[in-house]
Amino acid sequence: MAVSSRLPAPPARGLLRRSPPRILPVERAPRRLASGARAVSGSPGPSGSPVPRRTPAPLDAAAVAPPSSKASSAASAIDFLTLCHSLKTTKRKGWINHSIKGPESIADHMYRMALMALIADDLPAVNRERCIKIAIVHDIAEAIVGDITPSDGIPKAEKSRREQEALDEMCEVLGGGPTAEEIKELWEEYENNSSVEANIVKDFDKVEMILQALEYEKEHGKVLDEFFLSTAGKFQTEIGKSWAAEVNARRTKTCGQ
């Protein structure tokens with residue numbers, strides 16, 4: 001067998017397989033935040049550990065309330081105040097029955113009672129703010145039912161029922177909620193005479209009435225004995241008795257009654 005003298009041809013250029021160079025990972029130093037910059041919550045901080053997430057501050061419910069909710073609340077408030085307008089225009093019937101010209105309104109009467117609660121001294125263990133609130137709301141149902149007096153011949157229980165119904169209607173107009181419930185509670189406290197604050201405001205109601213009667217006697221030259229006789233001996237508190245005595249003393253001095 002003949003041996004070939006030719007050497008094997010070298011492999012064609014470009015056909016040789018070379019292993020790709022191995023790239024070693026380069027260790028990088030952690031990035032430093034620029035002065036004054038803040039890390040994003042959850043991202044690595046300067047030490048490489050995640051920055052703890054911060055709990056967002058609670059938002060004011062009123063600030064995030066949808067516009068429709070705010071508009072509804074405003075509408076309810078204005079509806080309620082519009083309903084209360086009649087308290088400013090409805091004249092107290094007791095004075096009308098005695099032919100007093102330009103008599104006080106229901107709101108006039110309640111306002112001076114609130115002032116009485118504001119300026120009253122010597123009220124130990126009494127919530128003055130609650131007295132003021134009771135004075136403001138005690139006749140509020142009269143915005144719907146009007147000023148019902150004993151001369152109308154309506155039984156006390158029926159008068160109370162009508163006023164309770166009117167109050168519920170007014171609180172519904174207000175839209176319910178804590179404020180409406182507070183108005184109901186204050187009114188019922190006065191109606192039931194169930195607290196020392198209610199006792200005091202009941203007395204202020206009578207004192208305001210006889211003071212107004214004295215003023216009308218002087219203005220119109222009338223004798224309004226009915227109002228003084230109907231309240232005599234019915235004051236429950238020391239301040240009520242003291243203020244009533246002062247009004248009566250002034251009446252005796254001025255009118256000789």
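This passage describes the helices, ring contacts, salt bridges and surface of a predicted model.

The protein chain contains 11 helices and 0 strands. Read along the sequence, the elements follow the pattern α-α-α-α-α-α-α-α-α-α-α. The chain has 257 residues, of which 32% count as buried.

Aromatic contacts were examined next. A pair of aromatic rings is described by the distance of the centres and the angle of the planes. The count comes to 3 aromatic pairs. In one of them, the ring centres of Trp95 and Tyr216 are 5.1 Å apart and the planes stand at 75°, so the pair is edge-to-face, since an angle over 60 degrees falls in that class. This pair links distant parts of the chain, with Trp95 in helix α3 (residues 93-97) and Tyr216 in helix α9 (residues 196-220), 121 residues apart. Trp95 has a relative accessible area of 2% and is therefore buried, the limit for this class being under 20%. Tyr216 also counts as buried, at 5% relative accessibility. Another pair is formed by Phe204 and Trp243, whose ring centres lie 5.2 Å apart with planes at 20°, so this pair is stacked. Phe204 belongs to helix α9 and Trp243 to helix α11 (residues 238-255), so the contact ties together parts that are 39 residues apart in sequence. Phe204 is buried, with a relative accessible area of 1%, whereas Trp243 counts as partly exposed at 24%. Ring pairs also join Trp95, Tyr216 and Phe227 into a cluster.

Charged side chains are placed over aromatic rings at two sites described here. The charged end of Lys202 sits over the ring of Tyr190, at 4.3 Å from the ring centre. Arg251 lies over the face of Phe228, and the distance to the ring centre is 3.9 Å.

Arg251 also takes part in a salt bridge. Its side chain meets that of Glu217, with an N to O distance of 2.6 Å. The two residues come from distant parts of the chain, Glu217 in helix α9 and Arg251 in helix α11, and are 34 residues apart. Both Glu217 and Arg251 are buried. Helices α9 and α11 are thus linked by this salt bridge and also by the stacked rings of Phe204 and Trp243, which lie in α9 and α11 respectively.

Side chains of opposite charge can pair when their charged atoms come close. The count for this model comes to 18 salt bridges. Among them is a bridge between the side chains of Lys133 and Glu129, at 3.5 Å from N to O. Both of these residues lie in helix α5 (residues 128-137), where they are 4 residues apart, about one turn of the helix. Lys133 is partly exposed, its relative accessible area being 28%. A salt bridge with this spacing is also present in helix α7 (residues 156-174), where Glu165 and Arg161 are 4 residues apart, about one turn of the helix. The side chains of Glu165 and Arg161 meet at 3.2 Å, N to O. At 41% relative accessibility, Arg161 counts as partly exposed. Glu165 and Arg161 also belong to a network of salt bridges that includes Glu158 and Arg162.

A polar contact was found at Ser105, which is placed in the loop between α3 and α4. The side chain of Ser105 reaches the backbone oxygen of Lys88 at 3.5 Å. Ser105 is buried, with a relative accessible area of 1%.

On the surface, Tyr111, Leu115, Leu118 and Ile119 make a nonpolar patch of about 420 Å². Tyr111 is located in helix α4 (residues 106-119). With a relative accessible area of 55%, Tyr111 is exposed, because this class begins over 50%.

Definitions and conventions:
Residues numbered from 1 in each chain as written. Predicted model: local features only at pLDDT ≥ 70, side-chain atom pairs only at ≥ 80, totals over all residues. Heavy atoms only, no water. Patch = residues over 30% accessible without salt bridge, like charges linked within 9 Å, V, L, I, M, F, W, Y side chains within 5 Å. Areas by Shrake-Rupley, 256 points an atom, 1.4 Å probe, with all protein chains shown as cover. Salt bridge = Lys/Arg side-chain N within 4 Å of Asp/Glu carboxyl O. Buried < 20%, exposed > 50% of the residue type's maximum accessible area, 1.4 Å probe, protein only. Phe/Tyr/Trp six-rings, centres within 6.5 Å; stacked < 30°, edge-to-face > 60°. Lys NZ or Arg CZ within 6 Å of the ring centre and 35° of its normal. Polar contact = N/O pair within 3.5 Å; in protein donor to acceptor, adjacent residues only side chain to side chain.
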